[in-house]
Amino acid sequence: MTGARDQMLGSIRAALGRGPLDPSAQAACDERLTMHRRNLVPARGRLDMAALVDGFTANAIEQAATVERLAGPEGIPAAVADFLARHNLPAAIRVAPDPALAGVSWSDRPTVTVSQGSARDSDTTGVTAAFAGVAETGTLVLTSGPAQPTTLNFLPENHVVVLWSEQIVGAYEDAWDRLRAHGVAIGTAAAGMPRTVNFITGPSRTGDIEQKIQLGAHGPRRLHILLVESDPDGALG
Amino acid sequence: MQSTANVFPSNARRALADERLQSVLGMVDGFNGKRARAVDRLPEFEMLRDQARDIKNHTLQHLDHYLERFETRVTEAGGQVHWCRTAEEARQAVLGICRAVGATTVTKGKSMVTEEIALNRFLEQNGLVPVETDLGEYIIQLRQEAPSHIIAPAVHLSARDVEQTFRSHHGDLPDDRPLTEARDLVNEARTMLRQRFLEADVGITGANFLIAETGSTVIVTNEGNGDLTQVLPRVHVVVASLEKVVPTLEDATTILRLLARSATGQEFSTYTTFSTGPRRAGDADGPEAFHVVLLDNGRSALLGTELQEVLRCIRCGACMNHCPIYSNLGGHAYGWVYPGPIGAVLTPALLGVAEAHHLPNASTFCGRCESVCPMRIPLPRLMRHFRERAFRERLPPAQARWALRAWAWVTRRPRLYRLATGVAIGALGWLGRRRGRFRRFPMAGGWTAYRDLPAPQGETFMARWHRERGHDRRA
Ligand code: SF4
């Protein structure tokens, strides 16, 4: 399809009344691609850390997520077990094999069956770890990887996400910067972009029938966020 | 999709006479109140609109360059870009990809571009089974209808209508199941589609953005269907028109702040997903192959003209939500894929003014569309552009053209205009003095069929202006 490609580029240039961009214009465009310059970032994303954590929580709740704050990671197994019991869900969870969750001692709650891996059709509750939380709209950022299956974010009806408070940033742009830094650190291609980056704001919903919002259209019906005070020693995981 | 835009007047008459449709349209309270609240809560909204406009203008000015960079990044990430000049080339590209992997079932996320290229019918004709997975799209696929709104495709249907559709198509389910609540309907669709997601060989989505910096494609949804469509099958195909590209993640982010607020009045859509290439070595899941079908279909010819501005559109639907004509007709009357004010510009731009010259007349020029368009597209001005072109190409009936020409002749002569309107207004005021209005009016029967014409009060606006301003000055 080289013919079609050249013709499309050619007709764009012809319509714009020029040939290929001259080198200086090309360089200006490429500079834009590498500088990651921000446009206007709304004030609500530029607050101090305590305000961002509160803002994240309030905004996520407004989008119909539930948020539970935990003093430390020791509380995670009990919080998950309580969540299952509260909603009368099967006592089984499918957990991302994420190093960030490796230190969670699920054996504290032996009644909950724990398995690891990508989601299967039969899984009712998935547990994953977030990459970041964006305060401006209460949005979670989740990334795919060998230990971060994307299917867990969508297939089970219930989604529990573990978010460390230090992962909360103000604006989406802050999350991009963290992702780029992370990409450089682990040496991924494509400017640090994993195959999938999911911005998730509340549980799945639809307004397609008479514009009345119904939760749980195809993705999770419930989104429960465990907001864990950051471990000062970073001992976990 | 086959266009019926050329018979818009009869489409419109039919829509107005359709009681079922009118009762559904009357029920819709719309997204407008929510949009207004969301805009109020973001003080930076107007500045973001300016920046979003500038981002797209810059991109369109350098479109060839950013598309080349986008392709380079997609290729580096292990994907492939298919350049398609026409709808036919795009359909063939998708079919070729499906055939190469021996696909039978193809799931689809909501995509207006695949409606534009009538992909479903083509795939069916070639032995494939395309399954729409967005709830609204699923409903209208069962009913073999076209979407009537670009973000709420089944907005022309009531819950009752959907119930009937599900009862007649989901024959295996018990007849006595409860299905009156929206809740029941959503759950049933969820159950029916679950198996389709799992068995699909290829997943096709559209794209809200293409990102040159990273080679990512972006979809924005609320249901999560688009994500299941692209993460479960072996192959992910993105069909996107070429103006979707933006330079950086930051640029996409800025426009994303406008999209959901303008569309549904949400602060942010539930799922915004950035996909870059196929699954990586060692990845737990994701598609093994990633294709971007990049469609022109007449868009590049709009660059460098007044119509270039329409290529900034992010398909939020705000213009149709706020349009008095759309609110009364629904989307099908417009006769093609894109209804409302954006359709009144995009349809003649892509299909030609001969096919779609009626659509730019479907406007009162109240200007609400332009005032809410997040990308600041001057929709009324572009509609006027097509009205003028239709006039030059002698598309309106001779009588209308003659009347317009006569009107133009008079209005260019201010004294004559003032004299003529003064006499006419005086005469009408006198004729209508008893009732204060006219039930019927010669040559305006269409207008007075639905309302009375108020009788003028015996004086033109200009005359009154002069009189009162003169009075003010004396005071
Ligand atoms: S023209 Fe503007 S308001 Fe209408 S769909 Fe496009 S971006 Fe939205």
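A contact is counted where heavy atoms lie within 4.5 Å. On that basis, in chain B of this predicted model, residues 24 or more positions apart account for 73% of the contacts that have a separation of 6 or more. The confidence assigned by the predictor to chain B averages a pLDDT of 94, with 98% of the residues scoring at least 70, and the complex as a whole receives an ipTM of 0.96 and a pTM of 0.93.

The overall form of chain B can be described from several quantities. The C-alpha trace spans about 85 × 60 × 45 Å along its principal axes. The radius of gyration of chain B is 25 Å, which agrees with the value near 23 Å that a compact globule of 475 residues would have. Of these 475 residues, 56% count as buried, while the area that chain B exposes comes to about 20000 Å², of which carbon and sulfur atoms supply 53%. The secondary structure of chain B consists of 23 helices and 12 strands. The domain assignment divides out domain 1, covering 42-300, and domain 2, covering 403-469, and the centres of these two domains of chain B, taken over C-alpha atoms, are separated by 51 Å.

Strands from both chains are joined in one sheet. This open sheet has 8 strands in the order E8(A)-E5(A)-E6(A)-E9(A)-E9(B)-E6(B)-E5(B)-E8(B), and its pairing is mixed. At its edges stand strand E8 (168-169) of chain A and strand E8 (245-246) of chain B, each of which pairs on one side only. The step from one chain to the other is made where strand E9 of chain A, residues 196-200, pairs with E9(B) in the antiparallel sense over 5 bridges; here A:Ile200 stands opposite B:Tyr271. Within chain B, strand E6, residues 216-221, likewise pairs with E9(B) in the antiparallel sense, over 5 bridges. In this pairing B:Val218 has B:Phe274 as its bridge partner, and B:Val220 stands opposite B:Thr272.

Strand E9 of chain B, residues 271-275, is largely enclosed by the rest of the structure, because 5 of its 5 residues are buried. In a regular strand, side chains alternate between the two faces of the sheet. In E9(B), B:Tyr271, B:Thr273 and B:Ser275 point one way, whereas B:Thr272 and B:Phe274 point the other way, and all are buried. B:Tyr271, the residue opposite A:Ile200 of the partner chain, thus belongs to the set that includes B:Thr273 and B:Ser275.

A further covered strand is found in chain A. Strand E7 of chain A, residues 158-164, is mostly covered, with 7 of its 7 residues buried. From E7(A), one direction is taken by A:Asn158, A:Val160, A:Val162 and A:Trp164, and the other by A:His159, A:Val161 and A:Leu163, and all of these residues are buried. E7(A) has partners in two strands of its own chain: strand E4 of chain A, residues 125-129, pairs with E7(A) in the parallel sense over 5 bridges, and strand E12 of chain A, residues 222-228, pairs with E7(A), also in the parallel sense, over 7 bridges. In the pairing with E4(A), A:Thr128 has A:Val161 as its bridge partner, and in the pairing with E12(A), A:Trp164 stands opposite A:Val228.

How values were computed: Residues numbered from 1 in each chain as written. Chains lettered and ligands numbered in written order. Predicted model: local features only at pLDDT ≥ 70, side-chain atom pairs only at ≥ 80, totals over all residues. Heavy atoms only, no water. pLDDT = per-residue confidence, 0-100. Domains from an automatic or database assignment. Buried < 20%, exposed > 50% of the residue type's maximum accessible area, 1.4 Å probe, protein only. Helix = DSSP H or I, 4+ residues; strand = E, 2+ residues; numbered from the N terminus. Pairing = 2+ DSSP bridges. Rg over C-alpha atoms; globule rule 2.2 N^0.38 Å. Areas by Shrake-Rupley, 256 points an atom, 1.4 Å probe, with all protein chains shown as cover.
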